[in-house]
Amino acid sequence: MSFKLTTKQKALVFGVPVGVLLVSMVAYGVWGNAALLVPPVGIGAFLAYLIVETRHYNLGLFVRQTTESRDHYRQVEAILGLTWAIDPSVPLPPSRGWAASPDLLREVYRNVLEEPPTLVVEASSGTSTLVIAYALHRLGKGHVIALEHDASYAERTRNHVIRHGLEGWATVVHAPLVMQQVDGKQMQWYDIRGVEFPAPIDLLVVDGPPDTVQPMARYPAVPLLRSRFGQSTRVILDDGSREDERRTAERWAEHFHGTKEFLQLEKGAWLLRFGSGRSPEVKP
Ligand SMILES: C[S@@+](CC[C@H](N)C(=O)[O-])C[C@H]1O[C@@H](n2cnc3c(N)ncnc32)[C@H](O)[C@@H]1O
């Protein structure tokens with residue numbers, strides 16, 4: 001194993017002793033023999049500082065690694081449980097990262113089974129579309145329409161749907177983002193002009209568009225789909241720990257008279273419930 005010092009390390013190895021020597025010489029000139037105490041006291045203080053700093057660093061590292069392995073374990077546990085429950089014909093595409101995390105997918109799956117919807121709409125598409133379709137397949141009723149702004153990603157999700165034999169339960173619609181009037185402002189959202197919604201929406205899952213599109217990127221979902229909600233509609237908003245999504249959930253609940261609950265998941269999520277009745281006029 002070669003042990004090479006960087007330029008900075010070399011400067012420290014040679015510079016520190018030279019510095020100590022210079023300080024000692026100056027101290028000797030000023031205080032005489034008493035200055036002999038300066039180097040051992042200085043080096044002792046420096047070593048004590050190093051010991052404290054290393055212990056602190058190791059403790060931080062230990063806490064971080066423990067938290068990370070606990071979080072990884074939770075996600076592994078969630079994907080194993082989910083995969084076991086849905087028993088897919090071929091492996092599911094990746095979760096986490098750009099896709100929804102396993103704990104959210106498990107939550108969505110459970111939500112669909114516990115309150116069977118007739119129509120689920122998704123803002124975005126991907127692994128979540130398959131999980132919802134598997135839940136509907138298990139129930140033997142319902143359909144999910146996934147709105148996807150990216151044509152190639154829509155094609156990719158469509159292929160997954162076919163590979164899993166879920167064509168009867170899920171439709172992926174390529175709906176490009178277009179400027180629309182939302183609460184008196186111009187915002188980008190999926191173009192749903194050509195989309196047919198065969199029934200009122202019972203469950204809306206919002207995991208798009210990406211936050212890079214605009215501030216409060218996902219806010220338009222409820223104002224633009226509220227008129228299509230059923231008697232009782234749930235909305236699941238992913239990435240709930242982000243400030244934009246927290247504000248989005250707050251505004252939805254306030255402007256459209258819903259209740260909201262924070263779900264303690266890897267990325268955080270919001271579960272909102274809206275009752276029947278027309279939405280109030282929202283001031284710009
Ligand atoms: C957060 S992702 C939605 C993921 C989806 N709910 C799932 O579980 O797979 C939002 C959008 O990001 C886009 N997207 C997905 N994966 C991507 C990637 N690897 N790079 C860039 N964009 C991606 C897609 O257009 C998708 O609709």
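These are my notebook entries on the fold, the salt bridges and the aromatic pairs of a predicted model.

**Overall shape**

I began with the whole chain. I count 7 helices and 9 strands in the protein. The radius of gyration is 29 Å, well over the 19 Å from the globule rule for 284 residues, so I put the protein down as more spread out than a compact globule. The C-alpha trace spans about 95 × 50 × 30 Å along its principal axes.

Next I checked contacts and surface. Of the contacts with a separation of 6 or more, 68% join residues 24 or more positions apart. I get 42% of the 284 residues as buried. The accessible surface is about 16400 Å², and carbon and sulfur atoms own 60% of that.

**Salt bridges**

How many salt bridges does the structure hold? I find 18. One of them pairs Arg193 with Asp191, with 2.8 Å between the closest N and O atoms. Arg193 has a relative accessible area of 72%, so I file Arg193 as exposed.

I then went after a network, which links Asp207, Asp211, Arg218, Asp239, Arg242 and Glu245 through salt bridges. I looked at two of its pairs.

- Asp211 meets Arg242 at 3.6 Å, N to O. Asp211 sits in the loop between β6 and α6, Arg242 in the loop between β7 and α7, and 31 residues separate them. Both ends are partly exposed: Asp211 at 41% relative accessibility, Arg242 at 28%.
- Asp239 bridges to Arg218, with the closest N and O atoms 2.8 Å apart. Asp239 is in the loop between β7 and α7, Arg218 in the loop between β6 and α6, 21 residues apart. Are these two side chains buried or exposed? I have Asp239 as buried at 9%, and Arg218 as buried at 4%.

**Aromatic rings**

I went through the rings last and got 3 aromatic pairs. Phe229 and Phe274 make a tilted one, 5.8 Å centre to centre with 50 degrees between the planes. This pair links distant parts of the chain, since Phe229 is in strand β7 and Phe274 in strand β9, 45 residues apart. Phe229 is buried at 9% relative accessibility, and Phe274 is buried at 2%.

Phe262 and Trp270 form an edge-to-face pair, at 5.0 Å and 65 degrees. Trp270 is buried at 9%, whereas Phe262 is partly exposed at 31%.

One more ring caught my eye: Arg251 lies over the face of Tyr219, 4.4 Å from the ring centre.

Notes
Residues numbered from 1 in each chain as written. Predicted model: local features only at pLDDT ≥ 70, side-chain atom pairs only at ≥ 80, totals over all residues. Heavy atoms only, no water. Phe/Tyr/Trp six-rings, centres within 6.5 Å; stacked < 30°, edge-to-face > 60°. Helix = DSSP H or I, 4+ residues; strand = E, 2+ residues; numbered from the N terminus. Buried < 20%, exposed > 50% of the residue type's maximum accessible area, 1.4 Å probe, protein only. Lys NZ or Arg CZ within 6 Å of the ring centre and 35° of its normal. Rg over C-alpha atoms; globule rule 2.2 N^0.38 Å. Contact = heavy atoms within 4.5 Å. Areas by Shrake-Rupley, 256 points an atom, 1.4 Å probe, with all protein chains shown as cover. Salt bridge = Lys/Arg side-chain N within 4 Å of Asp/Glu carboxyl O.
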